Amino acid sequence: MEKYMQRALELAQMAFDEGEVPVGAVIVKKTTGEIVGEGRNMRENAKNALAHAEIMAIDAACKKLGGWRLPECAMYVTLEPCPMCCGAIINSRIDNVYFGAYDIKSGSAVSVQKMFELPYNYRPEVTGGIMEKECAEILSEFFRQLRIRKNRD
């Protein structure tokens, strides 16, 4: 489990280095342990509200596996998914979602709402707090540096 979250953190660091909010996600085929999709936040550089790490990872996994359903797959993401990403997770039929840091402002797996407990036609299992300290630290550092830059300008 930590191996996959570590890879998600590496992707988050890439996003950080590109000036993006540092969130990374990987999708793993549970039967083989193979990473079938990866993504990182790219909203600023892509100028696209849809370019969240989870969406990018789902897109890559769908292309690799050849379909829109991702059964027997698990997602590892450094930050609790937002409502859009929770919807994409439900629609792609991902079995398990493991996230690192809780998002008290827009997290829709457990923090603001519990989308995966609503009566949709599909409900993934969710586990939060995986490598929470490391996942929260990269976000805190990003926003700390952002505040410093804004104060200088």
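Q: How many helices and strands does the protein chain have?
A: Happy to start there. In this predicted model, the protein chain has 5 helices and 5 strands. Reading along the sequence gives the pattern α-β-β-α-α-β-α-β-β-α.

Q: How compact is the protein chain?
A: A good way in is to set the radius of gyration beside what the globule rule gives for the chain length. Here the radius of gyration is 15 Å, close to the 15 Å that the rule gives for 153 residues, so the protein chain is as compact as a globular protein of that length. The C-alpha trace spans about 50 × 30 × 30 Å along its principal axes.

Q: What share of the residues is buried?
A: A residue counts as buried when its relative accessible area is under 20%. By that cut-off, buried residues make up 44% of the 153 in the protein chain. As for the surface, about 8000 Å² is exposed, and carbon and sulfur atoms supply 51% of that.

Q: Could we try one element: is helix 4 mostly covered or mostly open, and which of its residues are buried?
A: Let's look. Helix 4, residues 83-92, is mostly covered, with 7 of its 10 residues buried. Those residues are Cys85, Cys86, Gly87, Ala88, Ile89, Ile90 and Ser92.

Q: What covers the buried residues of helix 4?
A: The cover includes helix 3 (53-65), strand 3 (73-79) and strand 4 (96-101).

Q: And which residue follows helix 4?
A: Arg93 comes next, and its phi is positive, near 65°.

Terms used. Residues numbered from 1 in each chain as written. Predicted model: local features only at pLDDT ≥ 70, side-chain atom pairs only at ≥ 80, totals over all residues. Heavy atoms only, no water. Helix = DSSP H or I, 4+ residues; strand = E, 2+ residues; numbered from the N terminus. Rg over C-alpha atoms; globule rule 2.2 N^0.38 Å. Buried < 20%, exposed > 50% of the residue type's maximum accessible area, 1.4 Å probe, protein only. Areas by Shrake-Rupley, 256 points an atom, 1.4 Å probe, with all protein chains shown as cover. Contact = heavy atoms within 4.5 Å.
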